[in-house]
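Trainee: Could we go through this structure together, one question at a time?
Mentor: Gladly, ask away.

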Amino acid sequence: MYNMNVFAVGDLNVDLFTVEPEKFTFGEEHRTGRIYVTLGGNAANFAAALSSLKVETRLVSALGNDLYTGFLLRELKRHGVKPLLSRQNAPNGVSNILVRKDGERAIVSCKGALLGLDVKTVRKKILPRLREGDIVCFGGFFHLPKMRMGFPELLGQIRVKGGLVIFDTTFDEYGKWNIGSFARHVDYIFTNTAELQKITRTRGLAAGAKRLLAMGTGKVVVKMGARGAAFFSNGVEKSVPALPVKAYNSTGAGDSFNAGFVYSLAKGFSAKNCLLCGSFAAAKRVEGEGFALANEKELRRFLGKRNLAEVEVVKNYSAMSKRAADIIIRQLHEKPGSVLCLAAGKTPLGTYSRLVRAHREGLADFSAATFIQLDEYLCSEEKDSFGHLLKKHLLGEVNFRTKNIFLFNRDAGNLGAECRRLDFLVKRKGIDLLLLGIGENGHIAFNEPGTGFNSNTHALKLTPGLLARRAKKFSGPRPARAITLGLRQVMAARKIVLLASGRKKKRAVRGALRQKPSPALPASILQMHPNAIVVSDKAAGMAF
């Protein structure tokens, strides 16, 4: 389980499926392939799917009083969902779902006890339990008329306490499709193509997403059924195709997609990999008979077979530098207290120049951020060190607090102790964003070819050949050793950005992204990181 709570708020009902019905004629009896009953409701389906991925999930909903009550409680327990239910003296909601051979369906619903669920009840269930970083997902909102009054205020209270708000639009049988009063309080909106068009009164994914973002929504996720899914935020657009499976029943596919996405979001995956995990969970749901759910073991096995690193090829060095700076600035906006680990060397200098400019223009604030050094020469002259370069081009030009800057001690008498100090620091503070360069031989930091993927912070001997490849001029004696964070610390970073520029890096970039991950090419380890992006200019990334 992950160290956070996820609250699923919305509908809980019984789903009664009639599979492969023939054409109905009233007044006659008809044959069907199968009739069965399952747990239902957008919020309940989402909660069950997320719990099956080993994320602790609480369901906030209304429970009626009839013959289905015991069944619903048993199903929630069986799927590991923790119920926070309001008891209602009314029948439970029931959806009668007719499923065709191609997996599509029609739904007739009676909401029953769900009509009694209101904001006051939800507030009492959630706010006393809510911690900073918890996720609150609303599903089936449009089915619950009493949730509309006071809803914007509830979302505001959740966000004040540090909760992340996710809103799944679902179908509005009342025909109002109004989210304008609360869109600004929503961090992620999940919707599908039909619902997006209804809500925004636009045509086309990009236009609809742009409209939602203009309303104040943080990020938009659009589920496109057999065409896959797409993600939109200001300046970012990602998409993935649907996985090729035979659809048995599409009911609950969107809820399972949401669960896969939230699972990945909770683990810090990139937007594209969140979409990928959502698509996997949805595919498992539609291809299975009955209440089919993906489990974490299956998802991990699926991810383990894929190259998870993203690649962006931009026009030139200037565009690469701008893209990297924009990523870092966005990181600071989203989490002012971020821990940054930023490479030295020539490649990131353009990025640092843009960060300094952004700081002077009031667009980037480093006052709450922490800096941890990536690697360093153990040299005798200060001006030959990476620390000096970083101070000159970044650290001394922006408003990092001195107490929040952690550099290697070049004069450490005990290098083993110095390595352990950095290992402990990274373990204690974590790294939110790591900026890397790549060497012509595929090295990252001073992790040269042959460095084990499980390596910790370590010192290494600098051979003449290694120094020649670095092409650095020293004012004092050439250093004999260097110190670097290990690949274990690199992979522990929550987000990694690798920069590559120039024709000389083309072969290394190609190998890092296309060859099987191997210590012989250290940068290839990034294929296994769920939130790594390679930003390359055309000269280094022409192969892509």
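Trainee: Is Lys 54 buried, partly exposed or exposed?
Mentor: This is a predicted model, and in it Lys 54 sits in the loop between H1 and S4. Its backbone has a positive phi of about 70°, although Lys 54 is not a glycine. The relative accessible area of Lys 54 is 45%. Buried would need under 20% and exposed over 50%, so with 45% Lys 54 is partly exposed.

Trainee: Trp 177 also has a positive phi without being a glycine. Is Trp 177 buried or exposed?
Mentor: Trp 177 belongs to the loop between S9 and strand S10 (188-192), and its phi is about 50°. The cut-off for buried is under 20% relative accessible area. Trp 177 has 7% relative accessibility, so it counts as buried.

Trainee: Let's turn to helix H5. Why can we say that its buried residues line one face of the helix?
Mentor: Helix H5 covers residues 193-200, and its buried residues are Glu 195, Leu 196, Ile 199 and Thr 200. Looking down the axis of H5, we find these buried residues within an arc, so they line one face of the helix; that arc is 110°.

Trainee: What covers the buried residues of H5?
Mentor: Recall that the buried residues of H5 include Leu 196 and Ile 199. Their cover includes S10, helix H6 (205-214) and strand S11 (219-223).

Trainee: Which residue caps the N-terminal end of H5?
Mentor: Look for a side-chain oxygen that lies 3.2 Å from the backbone nitrogen of Ala 194. At the other end, H5 is followed by Arg 201, which has a positive phi near 55°. The N-terminal cap is Asn 192.

Trainee: Now the sheets. Which strands are the edge strands of the sheet with 9 strands?
Mentor: This open sheet has mixed pairing and the order S5-S4-S1-S8-S9-S10-S11-S12-S13. An edge strand pairs on one side only, and that holds for strand S5 (82-87) and strand S13 (236-240). From one strand to the next, the twist averages 15°. The edge strands, then, are S5 and S13.

Trainee: Which residue in S9 stands opposite Cys 137?
Mentor: Strand S8 (residues 135-139) and strand S9 (residues 164-168) pair in the parallel sense over 4 bridges. Opposite Cys 137, in S9, stands Ile 166.

Trainee: Which strands does helix H1 lie across?
Mentor: Helix H1 (residues 42-51) runs at about 160° to S1. Helix H2 (residues 69-78) lies across S4 and S5, at about 155° to S5. For H1, the strands are S1 (6-10), S4 (57-63) and S8.

Trainee: And in the open sheet of 7 strands, which strands stand at the edges?
Mentor: The order is S14-S23-S22-S19-S15-S16-S18, with parallel pairing. Each edge strand has a single partner strand, so one side of it is left without a neighbour in the sheet: these are S14 (310-314) and S18 (405-406).

Trainee: What is the bridge partner of Val 313 in S23?
Mentor: S14 and strand S23 (residues 532-537) run parallel and are joined by 5 bridges. In S23, the partner of Val 313 is Ser 536.

Trainee: Which residues touch the most other members of the largest nonpolar core?
Mentor: That core has 52 residues. One of the three is Phe 261, whose contacts beyond four places in sequence include Tyr 188, Phe 190, Val 221 and Leu 275. Another core, of 41 residues, lies apart from it, with Met 320 and Tyr 377 among its members. The residues you asked for are Leu 12, Leu 59 and Phe 261.

Trainee: Which helices do the buried residues of H9 pack against?
Mentor: In helix H9 (residues 296-304), Glu 296, Leu 299, Phe 302 and Leu 303 are buried. They fall within an arc of 125° seen down the axis, so they line one face of H9. On the other side, Lys 297 and Gly 304 are exposed. The buried residues pack against helix H7 (253-266) and H8.

Trainee: Last one: which backbone oxygen does the side chain of Asn 273 reach?
Mentor: Asn 273 is in helix H8 (residues 271-287) and is buried, with a relative accessible area of 5%. Among the residues it touches are Ser 264, Glu 310 and His 529. At 3.0 Å, its side chain reaches the backbone oxygen of Leu 308.

Technical notes. Residues are numbered from 1 along each chain as its sequence is written. This is a predicted model: local features need pLDDT of at least 70, side-chain atom pairs count only at pLDDT 80 or more; totals for chains, interfaces and linings use all residues. Side-chain values use heavy atoms; hydrogens and water are left out. Helices (H or I, at least four residues) and strands (E, at least two) are DSSP runs, numbered from the N terminus. Buried means under 20% relative accessible area, exposed over 50%, partly exposed in between (1.4 Å probe, protein chains only). A polar contact is a pair of N or O atoms within 3.5 Å; within protein, one must be able to donate a hydrogen and the other to accept it, and residues adjacent in sequence count only if both atoms are side-chain atoms. Contact means heavy atoms within 4.5 Å. The arc is that of the directions from the helix axis to the C-beta atoms. Two strands pair if DSSP finds at least two bridges between them. Axes are lines fitted to C-alpha atoms, for helices over the stretch in contact, and angles run from 0 to 180 degrees between N-to-C directions. A nonpolar core is a set of buried Ala, Val, Leu, Ile, Met, Phe, Trp, Tyr and Cys residues joined through side-chain atoms within 4.5 Å.
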